[in-house]
Amino acid sequence: MDLQLGGGDSAKMAKLLGCTKLKIGRVEEYFRKGRKIGAGAQGTVYLATPTAKGKKLKPTMPSTVVIKHIVLPQPEPVTAADLHRNPWLRDHYAKDFSLKLAPIVAEIQILKYLDLPNNMKYYGCLTNKQDAYIVMEHVEGATLLQGINSKSFNPAQKISITVELHKAISDLHGAGVIHRDIKPENILCKVVDDATVKVTLVDYGMSCIHKTKVGYCTGEGGTPAYVDPRQEIGSVFSMMLSDWWAFGQTMVTLHARFRMYDEEQGQYRKYSDLAGLQPHFNRIPGYKVLAKFTDPSIPQSARPTVDELLASMLK
C-alpha cells in the first residue's frame, strides 16, 4: 500500500494553506476565468469574474478580480515496507514537502495580513489537494519591466515611480514585512498622468513577517540580479537592507535601462567597472550617491542610507 508523507487530502491542504476547500475541477462554481495576464515560476494569473458563490468569499469583492492558479507540490509516495526499512524517510519527506509548500503559505498569509495602499487587496483562496487559487484585486497597468522595455516613462514619471516605490517598501517594513524579491517584474505601474504613476508591489512568495517568523524568513530568496551580495540570511536588519539594495538596483534599471549585475560573471559590477555604460549611469538623478549605494564592495552598514539616496535623486 502506498502512503503519502507530508501531504494529504483536500481538507488537510485547505487547513495547511488557510483556504476554503474546493472539489477538484469545480473552481468554475466560484469564478468564470478570463484571459491569462501573467505567469511565473509559482503560478499563472488570470482575470476572473466571481459568481454568486464566489462573492460569498468576500461580499465586497468587485466584479473583476485576478486569480493566481498554483499547481501544488505533491508529497512523495512511499510504501509501508519502505518505512519499515528506512524509518527516517517519514521525517525526510515531510520536511521536503513543507519546504516546497512554504512560499505558497507565505504568500497567502502575508496577503491576508497586509492592508497597505501599494499592495493588492486579498479576497480569499480556494484549494484542493492538487491546486490553489488565490483571489486578489485586479490592478490596472503593466509591470515596471514592461514599461522600461517599451520606454513608456518620461523623466517626471520615473521620479514618481522612485518616490512611490520608496513609500511602498517603507510602508511594508513598517508593517513588519520584508519582501525579499523586489525587482521590476514584481512592480505594477499604472500611469495616472504625465507626472504621476501609481505603484503596486506584488508576489510575496519569498516574503517574511519578521515578528512572527511567518513566511520565508531563513532561506535564501530573491533574484540574483537584485539580491544584496552582503545580505546576512536570518538577520532582520540585513534582509531589510537587502530590500533597499534591490530598490537601488531597480533605480539603475529604471533610469539607465541596464543592470549592474553581470550575468556572465555572476556578480555585481561597481560604477568604476561600467566603462562605456558610465554616461548612461551619469544621467540618473543623484548618480554619485547611487554609485556608492549599489557598490558591492561597500558593507551594508557603510553605504549611504536610502533617505540620503532619495534626497539626492529628488534634487
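**Two pockets and a helix pair**

The second largest pocket has a volume of about 350 Å³. A pocket here is an open set of points on a 1 Å grid over the protein atoms alone, where a 1.4 Å probe fits, with protein on both sides within 12 Å along at least five of seven lines. Its volume is the space filled by probe spheres set on the points. This is a predicted model, in which local features need pLDDT of at least 70, side-chain atom pairs count only at pLDDT 80 or more, and totals for linings use all residues. Residues are numbered from 1 along each chain, and side-chain values use heavy atoms, without hydrogens and water.

Which residues lie closest to the centre of the second largest pocket? They are Leu116, Asn119, Met120, Lys121 and Glu137, out of 19 that line the pocket (with an atom within 4 Å of a point).

Now turn to the largest pocket, with a volume of about 950 Å³. Its lining has 35 residues, and Ala39, Val45, Glu185, Asn186 and Val202 are nearest its centre.

Finally, look at helix α6 (residues 155-174) and helix α7 (residues 236-256), where a helix is a DSSP run of H or I with at least four residues, numbered from the N terminus. They pack at an angle of about 170°, with axes 11 Å apart; axes are lines fitted to C-alpha atoms over the stretch in contact, and angles run from 0 to 180 degrees between N-to-C directions. That makes α6 roughly antiparallel to α7 (an angle over 145 degrees). Among the residues making the contact (heavy atoms within 4.5 Å) are Leu165 of α6 and Trp244 of α7.

Terms used:
Helix = DSSP H or I, 4+ residues; strand = E, 2+ residues; numbered from the N terminus. Parallel < 35°, antiparallel > 145°, perpendicular 65-115°, else oblique.
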